[in-house]
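Let's take a walk through this protein together. Please keep the sequence and the 3D view at hand as you read.

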Amino acid sequence: MIDGQDQAAIAAAITRAKASNKPSMIACKTTIGTARQTRPAPPKRMAKALGADELKAAKEKLGISLEPFSVPDDVLKSWRDAGARGPRHARNGKRAMPS
């Protein structure tokens, strides 16, 4: 079981899984709403939209751009590269995402 909010732990678990020749499952423990500053995790409240102040605070805590609908350049490039590989890999029975 890893901390599903810890990006380094997730990356390490993926690396270990890829190094194995056996099927892998990565179990993550997470807490709903950890980025919320004013309304932590109660599930009934999770269904409510964040207000502007809460959204700003959550994005700042997560290191996400405050621009609406923005995608970081490295993420955009990675997904475009995967999309370009997709048709070629699909014909060869391979995964589109890099290993």
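What follows goes from the overall fold to individual helices and side chains.

A word on the ground rules comes before the tour. This is a predicted model, in which local features need pLDDT of at least 70 and side-chain atom pairs count only at pLDDT 80 or more, while totals for chains, interfaces and linings use all residues. Residues are numbered from 1 along each chain as its sequence is written, and side-chain values use heavy atoms, with hydrogens and water left out.

Start with the fold. The chain contains two strands and four helices, and its order along the sequence is β-α-β-α-α-α. Here helices (H or I, at least four residues) and strands (E, at least two) are DSSP runs, numbered from the N terminus. The chain has 99 residues, and 15% of them count as buried. Buried means under 20% relative accessible area, exposed means over 50%, and partly exposed lies in between (1.4 Å probe, protein chains only). The exposed surface comes to about 8,100 Å², with carbon and sulfur atoms supplying 59% of that area; such areas come from the Shrake-Rupley method with a 1.4 Å probe, and for residues only the protein chains shown count as cover. As for contacts (heavy atoms within 4.5 Å), among those between residues at least 6 apart in sequence, 31% join residues at least 24 apart.

Now turn to helix 1, which covers residues 7-19. Its 13 residues should span 18 Å at 1.5 Å a residue, and its end C-alpha atoms are indeed 18 Å apart. The expected span is 1.5 Å times one less than the number of residues. At the N-terminal end, Asp-6 acts as a cap: one of its side-chain oxygens lies 3.0 Å from the backbone nitrogen of Ala-8.

Helix 3 takes in residues 52-62. Its buried residues are Glu-54, Ala-57, Ala-58 and Lys-59. Leu-55 is also in this helix, but at 39% relative accessibility Leu-55 counts as partly exposed. Its C-alpha atom is 8.8 Å from that of Leu-66, eleven residues apart along the chain.

Which side chains of this helix meet in a salt bridge? They are Lys-56 and Glu-60, at 3.6 Å from N to O. A salt bridge is a side-chain nitrogen of Lys or Arg within 4 Å of a carboxyl oxygen of Asp or Glu. The two partners are four residues apart, so about one helical turn separates them. An α-helix has 3.6 residues a turn, so residues three or four places apart point the same way. Both ends of the bridge are partly exposed, Lys-56 at 44% and Glu-60 at 47%.

Just past helix 3, Gly-63 adopts a positive phi of about 70 degrees. Further on, in the loop between helix 3 and helix 4, Phe-69 has a positive phi of about 60 degrees although it is not a glycine. Is Phe-69 buried or exposed? With 86% relative accessibility, Phe-69 counts as exposed.

The last stop is helix 4, residues 73-92. The structure holds two salt bridges, and one of them joins the side chains of Lys-77 and Asp-81 at 2.7 Å, N to O. Both residues lie in helix 4, four residues apart, or about one turn of the helix. Lys-77 is exposed at 52%, whereas Asp-81 is partly exposed at 31%.

Helix 4 also holds Val-75, which is partly exposed with a relative accessible area of 33%. Val-75 joins Val-71, Leu-76 and Trp-79 in a nonpolar surface patch of about 360 Å². Patches are made of residues with over 30% relative accessible area and no salt bridge; like charges are joined within 9 Å, and nonpolar side chains (Val, Leu, Ile, Met, Phe, Trp, Tyr) within 5 Å.

Methods: Polar contact = N/O pair within 3.5 Å; in protein donor to acceptor, adjacent residues only side chain to side chain.
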